[in-house]
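This report covers a ligand site and the packing of several helices. Please look at the sequence and the model first.

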Amino acid sequence: MIRKAIYKKLQSLKVALTKKSRLAKLNQMSENGFPPHMVSAVRFLINGQLDAEAKKVATFAEQRRQHIAAQGDTPVEIWYSPKPGSVIDPESRPLPGKVLNYTMGKVAFTGKNRKWATALHLISREFQSTSGIELGTCVGISAIYLARHAKMQQFITVEGSASLAAIARQSLQDLPQVHVINQLFDEAIDTQIVQSGTLLDLAYIDGHHEKIATIHYFERLRPFLKAGAVVLFDDISWSADMREAWDLIKVSAAFSHAIDLGAVGVCILKTTTEQPDTIPHYWNLQPLVGKFPIGQPHGWKD
Ligand SMILES: C[S@@+](CC[C@H](N)C(=O)[O-])C[C@H]1O[C@@H](n2cnc3c(N)ncnc32)[C@H](O)[C@@H]1O
C-alpha cells in the first residue's frame with residue numbers, strides 16, 4: 001500500500017518535471033524565432049491549462065458534442081476518405097471517397113477531441129483570424145472552436161453530407177459569421193471563394209485525407225490566402241500517405257514556418273517581404289506535445 005503511494009507520488013513528480021522542462025524548451029524556442037501566436041496553443045498542449053475565455057468555448061462545444069452523441073444509433077451519412085491513389089477525374093479534381101452509414105454516436109467523435117480542438121481555437125484566436133474556411137465540417141464541432149472568438153468575421157465550413165451539414169447548422173446557429181455549405185470541397189471553393197474572390201487568413205483542411213487531395217485543396221485555396229495566413233492540415237499522421245503529404249508541405253517555399261504537432265500540421269504563409277524561394281523553418285513539436293504514431297485507417301479494407 002505504502003509502496004504504491006510512493007510510486008504514485010514519484011510518477012506525478014516525474015510528470016511535473018517533464019512539463020516544466022518542456023515549457024522551458026518552449027520559452028527557449030520563442031527566443032529563437034518560434035511564431036509567437038503559436039505559443040498559447042503549444043503551452044496548453046503541454047500543461048492543459050486554459051484561460052476562462054477558452055474554457056467557455058470548450059464547455060459550449062463539448063455540450064453540443066454530448067447532445068449529438070446522445071442520439072446514439074440514429075444513422076447518418078458521412079464521406080469517408082478514399083484509399084491513396086484514388087482516380088483523378090478529367091478536370092484533375094480528386095474523387096471523393098465513399099459515403100458510409102455512421103451513427104450520431106460515432107460522428108460526434110469523428111473530428112478533433114476537446115484537447116486538439118481547443119488547440120485549434122487558441123491558434124485561430126491568437127492569430128486574430130478574421131476570415132476562415134474549413135474543408136470538412138462533420139457536425140460542426142471544430143467550426144465552433146475555430147470561429148467562436150471576437151475577431152472572426154466570416155467563416156465558411158464545407159460538408160458533402162446533407163444530413164451532417166443540417167446538424168452542423170444547428171451546432172453553429174448562434175454564430176452568424178459562420179456559413180455551412182453543403183457541397184463537395186472543389187465545388188464550394190468555386191462558388192464561395194473563386195467567384196467572390198474572398199480572401200482568407202485561416203484555412204483548415206480536415207476531410208478527404210489523401211496526399212494528392214490534401215495538396216490539391218491547398219493549391220486551390222492558395223491564391224486566396226492572405227500573406228501571413230495560417231494553414232492547418234489535419235490528420236497529418238492519419239496514414240503513411242498523409243505523412244507523405246506533410247513531408248512535401250513542410251518544405252514548400254510558400255511557407256515561412258511549418259510546425260509538426262503530430263495530429264495537425266500548422267503552416268504560416270510567407271509575407272511579401274520574405275524571400276520567396278527559401279524552405280520554411282521546420283519545428284518538430286512532437287517531443288514537446290507527445291509523439292503521434294502513424295495510423296492505419298480501418299475503412300480501406302473492402
Ligand atoms: C474528419 S471529418 C471533419 C471533422 C470536423 N472538422 C471536426 O473536427 O469536428 C471530415 C468531414 O469531411 C467530409 N468530406 C470528406 N470528403 C469530402 C469532400 N470531398 N467534399 C465534402 N465533404 C467531404 C466528411 O463527410 C466528413 O464529415
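A residue counts as near the ligand if one of its heavy atoms lies within 4 Å of it. The model discussed here is predicted.

**The ligand site**

By that cut-off, 22 residues are around the ligand. W79, G136, S142, E159 and D206 come nearest. By class, the shell holds ten nonpolar, eight polar and four charged residues.

Which atoms of W79 and E159 lie close to ligand oxygen atoms? For W79, the backbone supplies the atom: one of its N or O atoms is 2.9 Å from an oxygen atom of the ligand. For E159, a polar side-chain atom lies 2.6 Å from an oxygen atom of the ligand. E134 pairs with a ligand nitrogen atom instead, through an N or O atom of its side chain, at 3.3 Å.

How much of the ligand does the protein bury? The ligand taken alone exposes 610 Å². The protein buries 96% of that area.

Two elements give two or more residues to the shell: β1 (75-79) and α6 (141-147).

**Helix packing**

Two packed helices are described by the angle between their axes and the distance between the axes. Three pairs are listed here.

| Helix pair | Axis angle | Axis distance |
|---|---|---|
| α3 (residues 52-69) and α7 (residues 162-171) | about 140° | 11 Å |
| α3 and α5 (residues 114-126) | roughly 135° | within 10 Å |
| α2 (residues 39-47) and α5 | about 160° | 8 Å |

Take α3 first. Helix α3 packs against α7 at about 140°, so α3 and α7 are oblique to each other. The crossing of α3 past α7 is right-handed.

Helix α3 also crosses α5, at roughly 135°. These two helices are therefore oblique to each other. Again, α3 passes α5 in a right-handed crossing.

Now α2 and α5. Is this pair oblique or roughly antiparallel? Angles over 145 degrees count as roughly antiparallel. The axes of α2 and α5 make an angle of about 160°. That makes the two helices roughly antiparallel. Their crossing is right-handed.

**In brief**

The ligand has 22 residues around it, and the protein buries 96% of its exposed area. Polar pairs with the ligand include the backbone of W79 and the side chains of E134 and E159. In the helix packing, α3 is oblique to α7 and to α5, while α2 runs roughly antiparallel to α5.

Conventions. Residues numbered from 1 in each chain as written. Predicted model: local features only at pLDDT ≥ 70, side-chain atom pairs only at ≥ 80, totals over all residues. Heavy atoms only, no water. Polar contact = N/O pair within 3.5 Å; in protein donor to acceptor, adjacent residues only side chain to side chain. Areas by Shrake-Rupley, 256 points an atom, 1.4 Å probe, with all protein chains shown as cover. Helix = DSSP H or I, 4+ residues; strand = E, 2+ residues; numbered from the N terminus. Nonpolar A, V, L, I, M, F, W, Y, C, P; charged D, E, K, R; others polar. Axes fitted to C-alpha atoms, helices over the stretch in contact; angles between N-to-C directions. Parallel < 35°, antiparallel > 145°, perpendicular 65-115°, else oblique. Left-handed = near helix turned anticlockwise from the far one by under 90°.
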